[in-house]
Amino acid sequence: MADRSGGAGSRGRHVIGCAQSNRPWAAWIAYQLERSGQRTVILRLDRPVGASPAEVLRGLLRESGRILLVLDDRYVGWGSRDQDEWTTVLREAVPAHESRFTAVSVATARIPPGVGWLRPVDLRGLDSEEARRRILVRLGLPTTGTGIGGGNAPRFPGDRPSTINVPHRNPWFTGRDRVLDELRVRLDAGGDGGARVALRGMSGVGKSQTAIEYAHRYAHDYDVVWWVNAGFRASAREQFADLVPRLGLSVGGELGEHVRAVHEALSAGVQRGRWLVIFDNADDMSQVRGLVPEGGGHVLVTTLTRDWAIDGDFSEVDVPPFDREESVDYVSRGAPRLTRREAGRLAEVVRDLPLLLAQTAAWLEANRMSVEEYVALIRQGGLNDFGIRISDDYPMGFQTSWSIALQTLERNHPEAAELLRLFAFFSPDAIPVRLIRTAHPSDLPERLSDLAADPVRWHAVMRRLSESTAVQPAYESSSDGAPPVETATMHRLYHSLLASTLSEDRRQALSGIACGVLAGADPRSPGDPREWPRYAELIPQLDGSGALNGGTPMVRELVLNCIEYLRARGEGHDGLALCEQAVPRWRIHLEPDDPSMLTLTHQKANMLRRVGRFREAEAVGRAVVDRLAGSREFDDRDLCGAKNGLGGTLMALGLYEEAHQLFEEAAQGKGADRQGLKELHNLAITLVLLGKYESAARRHREILEIRQRNLGPSHPRTLVSDLRYIWTLRLLGRYAEARARQERNLRLLRRAVGEWHPDTLLAEHNLALCLRRTGELEEAGTHLRSVVERTLRKRGSRHPDTLHIQTDHASFLREHGDLEQARDLADEVAEGYRDLLGPDHPFTIGAAANLGLVLRRCGEYEEALHIAETTLNGMTEAVGSDHPWTLGCAINLAGARSLVGDVERAGELSGEILGRVVRVLGDGHPMTRSCKAAHSADLTSLRHTKAVRHRERPYWDFEPQPT
């Protein structure tokens, strides 16, 4: 009897009543009370069908013990009319049972006056210690004793994650308890191994809103909660990579490097605890599959398809339309003037679809039409009013309800209707409201220009659109009481319907306005990292606006700058996709040799080369060179640029002679007065690839001196020229000189471009190779391991840069480290080059030659001999018989013959190649000395018949060259 009257003894019973959205708060409070020796039970304040607030309250009073209510902004989760009724009931009931009632408030808004009877304890803004103390004091319980938590304690709901970017919580969110509960169970089921769940349902069913509610409701359980709009691959990667500074990661500038760094940090737990990453609108799994992190965190995707579940890694939670009670509650929030019977009538006609319920409730609240009249209007509409077909899964009046809203807006608020129609030409996932409002007046029609110039009217129009249409603004933080809208979203179904209502002339006009807004927002600096966030914002707008049609020079410049931004960011796949969208559209109204068309074509070839589609890049490049060569002068700038681009592709394909010829022509075409340093730089690189190290050194030295004069000794371009010159010094065998210069060059590059820049990594790589040749093996190994680790993180395992450094690391391990590790790595590199470049590429053949040296070290002499014979033939075919790489393969073959006892043929081969090595590289080159030593050993073996299997033989390591 004491419990029922509210007695609070050492074993008092407390009934904690809360809406389901506040379940985390109830669980935390219950835990604190139980640790203080109390008994608790949690009851949801969800109203049974047909029950009134008074009946719910009477049900609470029938429970024994004291009653503690958890109140939030939605009070107890009911509509505003029910709140009035609830307040009245409390005013009548609390005084009669005052000893039994208390409350806590977790609301950010003001609690209604009627709740004053409850004297709620305000928990917002408190830490866990103070919140616990206030609750216990309010209940008359001791505040000393057991602390607030333990190993299994619920986390304090007032603690927000240190890193969170989720959209604002929807104050009208209703129901979905079953879905949220199932989602919670599925995610928690993964334990320390993490979990992945796909929220699947038809468009308009509320998947995104459910994900937002889950993120806010359980945010306190995570240290990182990150939202990514997965509708567009390039912007999704940018948003995912935005975690880099938030996690305190130190990486270079390329986007792929940022993505990999975030993956590694999340997989390692980021030393922060649990994380949740949400990919919204992930309908095309191929767009974002590579972004999904591994590790012990949670991943949630919202999607229309079953692909994620079929793929096997994801479990699936279906999001159906509302049940009828959820629909009625939802309509009651949006249109509180309606009775529950009227709300049910409306829900019936729109088949409980949340998107349509939101639209109809907002319209009815704003226009005061009766439900029966509105239902009649919907039933009169047809499925093909706008010339498009909506799936039969959607209610009959889907288009009609949207048409009613548009017509009302057009009649009563024409400038809002005009702005809404313009929104149809931007991405529905990120309508750039701020860019539109701040556009130059000449880029907007007069009505919208006047509207944008008046912040008060603009804000009123945005509020009108959010109240009566499917537009959801995202507000910036502001202190002036009227926060500006940064972006807005519009459901894709409504976005499509809106665009379909326009005539072709109107579409063209609005497309032109949208393109003008975007072109006006172009920073025109795609290489400047400070402007990259703007380009990431612009790219998703290009297709829907019509900018990819390239109608005006300014719009074409915008598209080219966006492509160049993707190139600078290292996003070859996205850059190629943009090129492939634009090329066929520009061809319609531009000549093939129009400057913009040429630039676009060059970029396409560049992107093809970057993603490893070398033959396609070659075909594109040859077509441009052939076309221009037939109509332009030898020194025409466009023709020289085309030759330069094609030369880069041919270098990647291993066609060094032809690439050298093209670079030489391009350099001559530039003219001495214009110092075509880019062409001279490429020319010097091909000389290295051709094995002409002395000529390459002279070229690089020439470029270095020009840049020292023009740019200064510490400019990044000067430092790169210095690095390339030092590289050739090492290839010439001038190891001590190269080592001394490389140490200084590395220090300056670190200072100029950072530790993770590709040029810095290449410089440290070169220093390691210099140290190996000067006998400083421990330091060489340290540098090689460091560069391998950072290159793997930056580039991934199959990037050419990674294969390059791993080739040299495998060679180092073979001679100075772990032989088994060297064998595994050499085999991995050989396979990587074969997959990337094909079996006949010089790099593939050279990597196979290195694998043969590992087998030789392992005592597998016959297999090593077979590889040596194959690689000599292959390298001869690839680069010619007198190339240093071919001569090196011959040295290895002579050694392999000697080790199987074929000393006579070994001696013949080493003697035959010695003269060629001297002719190609000179008498003092290290390879010449190796060849002399090999030939001398062979002559000795011919004079003495003792076994030579264990004699040390000179060898040649293949070293891929950076291009």
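In what order do the strands of the open sheet of 6 strands run? I started my notebook with that one, and I found the order E6-E8-E9-E10-E7-E11, with parallel pairing. The edge strands are E6 (163-164) and E11, and each of them pairs on one side only. A reminder to myself before going on: this is a predicted model.

**Entry: inside the sheet of 6 strands**

I went to strand E7 (residues 195-200) next and asked how much of it is covered. I found 6 of its 6 residues buried. Ala195, Val197 and Leu199 lie on one side of E7, with Arg196, Ala198 and Arg200 on the other, and both faces are covered. I made a note of the two arginines, Arg196 and Arg200, since they are on the list of buried residues too.

Then I looked up the partners of E7. With strand E10 (residues 298-303), E7 pairs in the parallel sense over 6 bridges. I picked Ala198 as a landmark there, and its bridge partner in E10 is Val301. With strand E11 (residues 315-318), E7 again pairs in the parallel sense, over 4 bridges. Here my landmark is Val197, which stands opposite Ser315 in E11.

I also checked the pair E8 and E9. Strand E8 (residues 224-229) runs parallel to E9, and 6 bridges join them. If you want a spot to click on, try Trp226, whose bridge partner in E9 is Val277.

**Entry: a helix that packs on E9**

What do the buried residues of helix H10 pack against? I listed helix H8 (233-241), helix H9 (243-246), strand E9 (275-280) and helix H37 (777-795). H10 itself covers residues 255-267, and its 13 residues reach 18 Å from the first C-alpha to the last, close to the 18 Å expected at 1.5 Å a residue. I counted 10 of the 13 residues of H10 as buried. Among them are Glu257, His258 and His263, alongside nonpolar ones such as Leu255, Val259, Val262 and Leu266.

**Entry: the sheet of 5 strands**

I moved on to an open sheet of 5 strands, in the order E2-E1-E3-E4-E5 and with parallel pairing. Its edge strands are E2 (39-44) and E5, each pairing on one side only.

I spent my time on strand E4 (residues 101-105), where 5 of 5 residues are buried. Phe101, Ala103 and Ser105 point one way from E4, while Thr102 and Val104 point the other way. On one flank, strand E3 (residues 66-71) pairs with E4 in the parallel sense over 5 bridges, and Leu69 stands opposite Ala103. E4 also pairs with strand E5 (residues 121-122), in the parallel sense over 2 bridges. In that pair I found Val104 opposite Val121.

**Entry: helix H14**

Which helices do the buried residues of H14 pack against? My list reads helix H13 (324-334), helix H15 (354-367) and helix H16 (371-380). The buried residues of H14 (residues 340-349) are Ala343, Gly344, Leu346, Ala347 and Val349. I also looked just past the helix: H14 is followed by Arg351, whose phi is positive, near 55 degrees.

**Entry: the nonpolar cores**

I then looked up the largest nonpolar core, which has 98 residues, and asked which members touch the most others. They are Leu419, Leu420, Phe423, Ile436 and Leu465. Helix H26 (residues 553-568) gives the largest share of this core, 8 residues.

I took a closer look at Leu420. Setting aside neighbours within four places in sequence, I found Leu420 in contact with Trp402, Leu406, Leu409, Leu465, Thr469, Val471, Met490 and Leu498. There is also a second, separate core of 91 residues, and Ala697, Val787, Val788 and Ile913 are among its members.

**Entry: Arg897**

I saved a charged residue for the end. Arg897 sits in helix H42 (residues 884-899). Is Arg897 buried or exposed? Arg897 is buried, and I found no salt bridge for it. The nearest side chain of opposite charge is Glu869, 4.7 Å away; a salt bridge needs the nitrogen and the carboxyl oxygen within 4 Å. Leaving aside neighbours within four places in sequence, Arg897 has contacts with Leu865, Asp902, Val903, Arg905, Ala906 and Leu909.

Notes: Residues are numbered from 1 along each chain as its sequence is written. This is a predicted model: local features need pLDDT of at least 70, side-chain atom pairs count only at pLDDT 80 or more; totals for chains, interfaces and linings use all residues. Side-chain values use heavy atoms; hydrogens and water are left out. A nonpolar core is a set of buried Ala, Val, Leu, Ile, Met, Phe, Trp, Tyr and Cys residues joined through side-chain atoms within 4.5 Å. Buried means under 20% relative accessible area, exposed over 50%, partly exposed in between (1.4 Å probe, protein chains only). Contact means heavy atoms within 4.5 Å. Lys and Arg count as positive and Asp and Glu as negative; His and the chain ends are not counted. Two strands pair if DSSP finds at least two bridges between them. The expected span of a helix is 1.5 Å times one less than its number of residues.
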